[in-house]
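Please look through the structure shown below, taking the strands and the interior in turn. The paragraphs that follow lead from a single turn of the chain to the space enclosed within the protein.

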Amino acid sequence: MTTFEHTIEIAAPLETVFAFDSDPENWPRTMPSLRNLEIVERTETGARMRSTYKLLGRSLDTELEMTVVEPNERLHVTVVGSGMNGAVENHFSATDAGTQIALEADYEFGDSVLERLLEPVATRYTNRQFRTHLQNTKDLIEAEVAAEAPTPAAA
């Protein structure tokens, strides 16, 4: 199992960041490899979804389950798919500049000989996808917050 850890600071209130990241409909906007996301069921604590994950030119069918463990503090996502399984924990905390997201993910890639041979490349690719997801989340939220900010009165 491979562990990925990334942290990012976003210049926006905690509630805004958590609401954005806990809405699965935003995930295709922030994760370029996540395709055809379908929310199968909304639950009291999150959602169950199906999607296709593009990995090294391969399309992997995945089932995801997101759970809001603690509102405005922690999200948990499990991923079960053909060729990869994993879990992602996002921890949210308020900072002087806005909000910090600390992402920790544990992923296991498939057992076939081909999948084991591709694992080092898949690991680097997936690591980059997590970094990209956080950076895209930051960019989109900060742009939305800036667009909603009142414009200064003309002198």
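In the hairpin of S3 and S4, which residue takes a positive phi? In this predicted model, that residue is Leu56, whose phi lies near 55°, and the hairpin has two residues between its strands. Just beside this turn, Leu55 stands opposite Arg58 in S4, and the pairing of S3 with S4 is antiparallel, with ten bridges joining the strands.

On its other side in the chain, S3 is joined to S2 by a hairpin of two residues. Strand S2, which covers residues 34-43, pairs with S3 in the antiparallel sense over seven bridges, and Arg48 in S3 is the bridge partner of Glu41. Is S3 itself largely enclosed or left open by the rest of the structure? Because seven of its ten residues are buried, S3 is largely enclosed.

From the strands we can turn to the empty space inside. The count comes to two cavities of 30 Å³ or more, and the largest cavity has a volume of about 280 Å³. Its lining is made up of 20 residues, and those that lie nearest its centre are Met31, Leu64, Val88, Tyr107 and Phe130. By character, the lining residues divide into 13 nonpolar, six polar and one charged.

Several elements contribute to this lining, since at least two residues each are supplied by S3 (46-55), S4 (58-70), S5 (74-81), S6 (84-95), S7 (98-109) and helix H3 (113-148). Of these contributions, the largest share comes from H3, which provides four residues.

Technical notes. Residues numbered from 1 in each chain as written. Predicted model: local features only at pLDDT ≥ 70, side-chain atom pairs only at ≥ 80, totals over all residues. Heavy atoms only, no water. 1 Å grid on protein atoms, 1.4 Å probe; cavity = no way out; pocket = protein on both sides within 12 Å on 5 of 7 lines; lining within 4 Å. Points joined across faces, edges and corners; volume = space filled by probe spheres on them. Nonpolar A, V, L, I, M, F, W, Y, C, P; charged D, E, K, R; others polar. Buried < 20%, exposed > 50% of the residue type's maximum accessible area, 1.4 Å probe, protein only. Pairing = 2+ DSSP bridges.
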